[in-house]
Amino acid sequence: MHLNQKYRLYSILLIAPSVLAILVFVYGFIAFTGVASFINWTKMKIDFTFVGFNNYIRLFQTERFLIDLRNTLTFTVLFLLITIVIGLLLAILVDQNIKGESLFRNIFLFPMAFSFIVTGVVWRWLLAPGNEITGALGVNLIFEKIGLGFLANGWYTDPRIGIRAVVIAAVWQYAGYIMALYLAGIRGIPVEIVEAARVDGASEINVYRHIILPLVRPITLSAVIILGHISLKIFDLVVSMTGPGTGFSTDVPAFFMYDTTFRGNRFAEGSAIAIILLLLVAILVVPYLINSSKVEVER
Amino acid sequence: MVKKHWYIVVALMVVASILMAACQATPTAAPATSEKPSGKLEIFSWWTAGGEAEGLNAIMAVYKGLYPDVEIVNATVAGGAGTNAKAVLATRLQGGNPPDSFQVHAGLEVEKYSPSQYLVPLDDMLDPAVYPADLLAMLKYEDHYWSIPVNIHRSNVLWYNKTVLKDAGIEAPQTMDEFMAALETLKGKGYIPITMGTKEGWEGAHVFEGFLLSFLGPDDYIGLWKGTTAWSDPRVTSALEAFKKMMTYVNTDNAALTWDGAAQYLTTNKAAFLIMGDWAAGWFASQNFTDFGWAATPGTGGQFVALSDSFALPKGAPNETAAKAWLQVAGSKAGQEAFNPKKGSICARTDCDDAAFQAVPATYDYLHATAAEWKTDRIVPSIVHGAATIESWATAFKDTISLFVSSGDVAKTQTSLGQLCVDAGVCK
Amino acid sequence: MSALTVTHSRRQFKFRWSRFFIYLVLIISVVFFLVPIYLLLITSFKSYQEVNMANMWNFPLKLSLESFKYAWFGSETGGYRGLSGNFVNSLILVIPASLTSAIVGSLNGYVFSKWKFKGSDAIFSLMLFGMFIPYQSILIPLVQVLQWISTFTNPIIHAIQGSTVISGSHTFMYWLGELIPGYGTIGGLIMVHVIYGLPIATLTFRNYYAGISRELIEAGMIDGDGFLGLYRHILFPISMPGFVVVLIWQFTSIWNDFLFGIIVTSDPNVQPITVALNNLAGSYIVEWNVQMAGALLSSLPTLLVYIFLSQYFIRGLMAGSLKG
């Protein structure tokens with residue numbers, strides 16, 4: 001129809017600036033970074049000499065980067081696992097017709113109002129280990145006071161713990177969010193389904209195992225995507241809480257990228273780190289995006 | 001209706017003011033001549049706090065006195081021992097938006113700014129007669145001088161708390177063996193024998209450069225960076241082992257602290273030693289702590305690991321006339337005498353008056369002694385602070401030592417150090 | 001049967017675990033969630049004399065506002081800057097940035113939900129990907145492009161900030177200049193946040209408008225509304241909840257952003273609050289009570305949003321989950 005054609009033109013014109021901006025600032029920039037990772041740009045002055053995969057090879061021979069990858073893996077696995085388990089557990093508990101439900105919910109969600117920087121600053125102090133002279137500090141001090149002194153440890157300053165200490169702070173910030181997601185999911189399940197199972201004599205635990213958990217599986221998937229992409233690119237929290245740490249025990253690729261690129265001016269290597277980060281996130285997100293747009297079409 | 005007109009008038013005024021200001025702004029952008037400097041002068045540094053900031057303000061005051069028409073913009077970037085500042089600077093130079101003058105360590109650090117592309121050579125502004133030959137050698141890169149030095153800092157200093165040492169019944173150690181024995185004694189007395197903050201990742205390497213010098217001596221230490229001393233040398237192994245042993249006497253929370261945080265253990269009589277550059281003297285003074293003594297890092301007496309802060313002139317500086325005047329002041333006797341007592345460093349020039357340093361009693365004793373040693377000691381360049389080698393090698397060196405602090409793997413670290421030399425294209 | 005008549009109390013709790021166990025776990029969790037906040041609060045209300053390591057968990061003997069004063073105004077003798085200026089920077093950054101991205105997002109959402117054309121879903125998916133990319137992968141060209149923009153806008157900024165035509169307008173002219181995009185200006189940061197906020201804003205509005213029936217639009221067309229008229233007269237008036245959600249989401253994420261802040265701005269006078277707080281807390285010359293007070297001050301706006309608009313805040317979080 002004439003009108004429809006006109007309106008289609010208007011539609012395209014209306015979204016054109018946004019689409020153009022995304023094309024340039026997302027896809028164009030990624031392409032630029034991709035090119036930069038294959039050239040010899042190791043000083044301020046850009047040098048377009050093509051060096052193939054040399055930057056990537058050099059990275060994988062750099063111990064700091066290997067440690068960073070290991071740290072990211074540790075962080076991601078622990079952060080996802082703990083946050084999802086705690087989030088789900090809290091959602092189930094909050095869903096039990098408890099008194100003061102909204103108070104509990106609000107407390108659990110509260111940390112989401114803080115920035116990672118603030119979280120890092122606060123947890124840096126909470127987990128400050130103290131030493132021979134100052135005595136125990138923070139959480140260690142509490143452990144000592146309640147007779148659990150053996151639990152006291154060096155937290156993020158202990159290279160054997162390293163990034164795991166940062167996980168605690170990240171879980172604190174995100175567990176409530178995951179709880180809210182699950183709670184919304186559980187509340188969205190039609191009452192009849194659950195009641196039918198109860199009438200059939202299913203125990204409450206079985207109701208959760210066989211009815212509710214399978215139905216909230218899509219939420220687990222969302223949670224994995226959300227937490228996963230946060231954790232792969234984590235930067236702020238590490239910067240404010242620990243820095244790279246002794247022997248890079250709390251270092252992450254995003255921090256290394258910042259150091260290499262903006263402090264060291266080795267732009268090519270920085271680009272290579274960025275591309276690796278992007279690939280890691282893409283492996284996680286792209287199947288999900290494709291899948292959800294398919295579902296969209298089927299609808 | 002009336003309201004609408006009002007808006008138009010305001011809009012017109014804004015436009016007009018922009019245009020007028022733009023027209024006025026043009027003359028200052030004109031090419032530099034010998035005319036009297038005016039307009040804005042943006043000085044870029046990472047001296048944000050304490051004695052450093054005071055020193056910078058003092059030299060700016062000298063400048064203000066000479067050129068009252070210039071408005072100085074003090075652009076400082078905090079954090080990361082200058083690394084944050086360098087990050088910002090690089091992006092600005094690249095984008096053709098440079099400050100008028102910026103801080104850079106004298107030495108090969110200038111390499112990362114691709115000086116022939118981004119900087120103006122200052123051969124005609126630097127008077128070789130008033131600077132020591134060792135410093136001039138450090139400053140020269142690709143046959144040009146690219147910056148004007150304002151001060152000298154010493155890297156290899158062992159600071160100690162006099163009361164603590166007295167209580168433990170020990171003297172300041174001169175050799176590595178004496179040092180290790182002292183650490184053991186102090187540990188027995190319940191002190192933190194040596195305090196260290198390794199949070200920012202360069203501090204371990206800072207201590208280690210002193211250890212390298214201690215075991216290799218000045219010629220072979222310099223040789224490491226020129227490819228004439230092998231990194232597989234057994235004396236490098238000894239240095240690594242000594243460093244590893246020292247780390248067992250360090251405060252356990254070192255990873256959580258920056259150097260000044262760690263130094264608080266020393267000022268509160270809880271720790272005995274600290275190996276840190278002599279900016280620590282200025283910091284002690286700012287804490288009203290006077291009970292400190294100093295010696296060279298064990299085994300490096302008579303040698304002076306030097307670094308120097310200097311100012312460079314970027315190509316396309318918005319106000320080159322004022323910037324050149326700034327560099328003149330930075331290199332002048334009056335400028336350096338104003339700057340250094342506050343900063344807690346000695347003059348880069350050889351002709352500063354001792355009297356200028358008496359103005360700051362807290363650091364006078366130290367600086368007076370150091371100025372004398374600067375004249376007699378053997379000068380060697382600092383690695384960590386940009387003098388001995390290009391920045392990418394220095395950074396990789398820091399990273400390797402930071403890893404060593406936690407791994408303690410001597411053999412692997414020594415191999416990596418050798419590999420770095422190959423990567424830098426100096427060793428084969 | 002009573003089990004069938006359960007309507008309001010959906011699941012009765014009549015089984016093995018005791019209620020006690022549930023509350024126990026919940027209360028332990030509450031402790032975990034509140035301990036950091038407790039420490040944040042008590043420490044920031046302590047005076048310098050009271051910041052004793054051994055008593056760090058104790059309630060302050062006397063409530064003191066001293067640390068807030070230092071965190072806000074800085075300390076000349078302590079040698080650190082206060083957060084006040086950066087707080088203002090963040091406000092000046094966050095308000096136009098969230099408004100712009102909400103408006104643009106709403107228009108995009110209108111098209112993507114009500115005027116789908118062949119390929120519009122694909123374009124939408126491509127936009128969505130921008131939400132997930134690690135920003136590290138665009139930082140290097142971003143800085144270059146902002147620098148390039150600066151070569152055009154810097155003379156204008158200098159001219160505006162240097163002009164004193166309207167007397168007494170110095171501060172106003174300064175801020176006007178800062179709002180112009182470029183490297184190192186608040187305007188540059190606004191631009192960056194608007195662009196990278198587009199995917200989430202568009203997504204939220206698209207999902208929101210998807211729930212609005214086609215008949216409303218058709219009724220509007222019969223009334224003679226054109227393409228933009230439909231948006232203005234039909235969708236916009238009922239968009240309030242969508243706007244609130246997007247505004248809150250953008251407000252909190254821009255206020256809490258650190259990466260763009262540290263990459264795009266270098267001048268401490270221009271930097272947003274997160275960067276300033278990190279600098280304040282990162283230097284050991286600053287006492288813990290001041291750091292905590294700074295952390296609290298810099299969280300105030302988002303905390304207020306959370307406390308007073310929590311239902312929208314949570315809805316924004318849900319929108320961020322892609323669930324719609």
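A:Phe110 is where I would like to start: in this predicted model its relative accessible area is 17%, and because the limit for buried is under 20%, A:Phe110 counts as buried. Its partner is C:Tyr306, which is also buried, with a relative accessible area of 3%.

Now, a search of the whole structure finds 77 aromatic pairs over all chains, and in the pair formed by A:Phe110 and C:Tyr306 the ring centres are 5.5 Å apart while the planes stand at 70°, so this pair is edge-to-face. A:Phe110 belongs to the loop between helix 4 (101–109) and helix 5 (116–126) of chain A, whereas C:Tyr306 lies in helix 13 (residues 288–308) of chain C, and the pair therefore joins two chains.

Let me turn to another pair, A:Phe235 with C:Phe258, which is tilted, at 6.0 Å centre to centre and 35° between the planes. This pair, too, crosses between chains, running from the loop between helix 10 (217–232) and helix 11 (236–241) of chain A, where A:Phe235 is found, to the loop between helix 10 (240–256) and helix 11 (259–264) of chain C, which holds C:Phe258. A:Phe235 counts as buried at 3% relative accessibility, and C:Phe258 counts as buried at 0%.

Ring pairs also build a cluster, whose members include A:Tyr7 and A:Tyr10 from chain A together with C:Trp115, C:Tyr208 and C:Phe243 from chain C.

Finally, on charges over rings: the charged end of A:Lys233 sits over the ring of C:Tyr135, 5.2 Å from its centre, and within chain C the charged end of C:Lys69 sits over the ring of C:Tyr70, 5.1 Å from the centre of that ring.

Methods
Residues numbered from 1 in each chain as written. Chains lettered and ligands numbered in written order. Predicted model: local features only at pLDDT ≥ 70, side-chain atom pairs only at ≥ 80, totals over all residues. Heavy atoms only, no water. Phe/Tyr/Trp six-rings, centres within 6.5 Å; stacked < 30°, edge-to-face > 60°. Helix = DSSP H or I, 4+ residues; strand = E, 2+ residues; numbered from the N terminus. Buried < 20%, exposed > 50% of the residue type's maximum accessible area, 1.4 Å probe, protein only. Lys NZ or Arg CZ within 6 Å of the ring centre and 35° of its normal.
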